[in-house]
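Trainee: Before we discuss the assignments, may I see the sequence and the model?

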Amino acid sequence: MTDYRISRRLFVTTGAGVLGLAVVNTLTACSTTPAAEPLPQPSSAEEKAGTTGGWQRVNLSFVSAYLLLRGDEVAIVDTGTAGSGGAIETGLKAAGKDWGAVKHVLLTHHHPDHAGSVDEIQKQVKATFYTGTADAPNIVSDAKLTSLNDGDEVFGLQIVGTPGHTLGHISIFDASTGTLVAGDALRTQNGLEGSNPEFTADQAAAAKSVKKLATLPIKIILPGHGEPLTSGASEALQKLAATL
């Protein structure tokens, strides 16, 4: 792992259950007060067996952040657009935690709908911030970022290099529960699909990354865009990979 200190600069772009997994809904990061609601539960006994582990979803309308609660610590995966800190804080409080519990912040990629609230969150936590090596220079933040590569491990989570959507895109695999936080390597707005071609840096690499993910023992897919896929995730992913 390599540490980076990223200087602030303007970056503009355009773009677009788990047992115990809660949802915090907001229309925007600073709109109405979020309300928690349960996600659908896995249907089969096999899927239920892989669904413990403390994952929480913070639904920011068109994009999601995710929280992993383990013991006294919390990891945040992705931070939403700028101004999403309040919604993430509400998600923490709904789970009985606060900013002081956050020790890890992982960014799947540099796009501002996933890394937009890094600075806001940095002011609230004493945590290590991570992202993929190739994306680190593009993060809009003064935060110190630790670069990650395929095969690294953070907080018991496996880092899976999934380039394509961006050159340094990473996905996060929790082998203990079979849960994949896919960032934008996968999406579910219209069934399970790969990276949106309109916003993909390398389509061939993105397709290869989907095939790579299909080899993992995945039970649940938590995408950046769309609803979590909590039943039949492995089968759906293998079917998708076979079409690419």
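Mentor: The discussion below takes up charged pairs, burial and packing in turn. This is a predicted model, in which local features need pLDDT of at least 70 and side-chain atom pairs count only at pLDDT 80 or more, whereas totals for chains, interfaces and linings use all residues. Residues are numbered from 1 along each chain as its sequence is written, and side-chain values use heavy atoms, with hydrogens and water left out.

Trainee: Why is the pair of Asp174 and Arg70 called a salt bridge?

Mentor: A salt bridge requires a side-chain nitrogen of Lys or Arg within 4 Å of a carboxyl oxygen of Asp or Glu. The closest N and O atoms of Asp174 and Arg70 are 2.8 Å apart, so the pair qualifies. The structure holds five salt bridges.

Trainee: What makes Asp174 and Arg70 a link between distant parts of the chain?

Mentor: Asp174 belongs to strand S12 (residues 170-174) and Arg70 to strand S5 (residues 64-70), 104 residues apart. Strands are DSSP runs of E with at least two residues, helices are runs of H or I with at least four, and both are numbered from the N terminus.

Trainee: Are Asp174 and Arg70 buried or exposed?

Mentor: Buried means under 20% relative accessible area, exposed over 50%, and partly exposed in between, with a 1.4 Å probe and protein chains only. Asp174 has 0% and is therefore buried, while Arg70, at 25%, is partly exposed.

Trainee: How do you know that Lys212 and Asp150 form a salt bridge?

Mentor: Their closest N and O atoms are 2.8 Å apart, so the criterion is met. Lys212 lies in helix H5 (residues 203-213), and Asp150 in the loop between strand S9 (144-148) and strand S10 (153-154), 62 residues away. Both count as partly exposed: Lys212 has a relative accessible area of 32% and Asp150 one of 49%.

Trainee: Why does Glu193 with Arg187 count as a salt bridge?

Mentor: The closest N and O atoms are 3.4 Å apart, and the pair therefore satisfies the definition. Glu193 is partly exposed at 24%, whereas Arg187 is buried at 17%.

Trainee: Why is Asp152 said to have no salt bridge?

Mentor: The nearest side chain of opposite charge, Lys212, is 11 Å away, so the salt-bridge limit is not met, although Asp152 is buried. Asp152 is found in the loop between S9 and S10. A polar atom of its side chain lies 2.8 Å from the backbone nitrogen of Asn149.

Trainee: What makes His225 buried?

Mentor: His225 has 5% relative accessibility and therefore falls in the buried class. His225 lies in the loop between strand S16 (220-223) and H6. Its side chain reaches the backbone oxygen of Phe62 at 2.6 Å.

Trainee: Why is Ala175 classed as exposed?

Mentor: Ala175 has 55% relative accessibility, so the class is exposed. Ala175 is located in the loop between S12 and strand S13 (179-183). Its C-alpha atom is separated by 7.8 Å from that of Pro217, 42 residues apart along the chain.

Trainee: Which residues of H5 and H6 meet?

Mentor: Val210, Lys211 and Leu213 in H5 meet Leu237, Leu240 and Ala241 in H6, contact meaning heavy atoms within 4.5 Å.

Notes: Lys and Arg count as positive and Asp and Glu as negative; His and the chain ends are not counted. A polar contact is a pair of N or O atoms within 3.5 Å; within protein, one must be able to donate a hydrogen and the other to accept it, and residues adjacent in sequence count only if both atoms are side-chain atoms.
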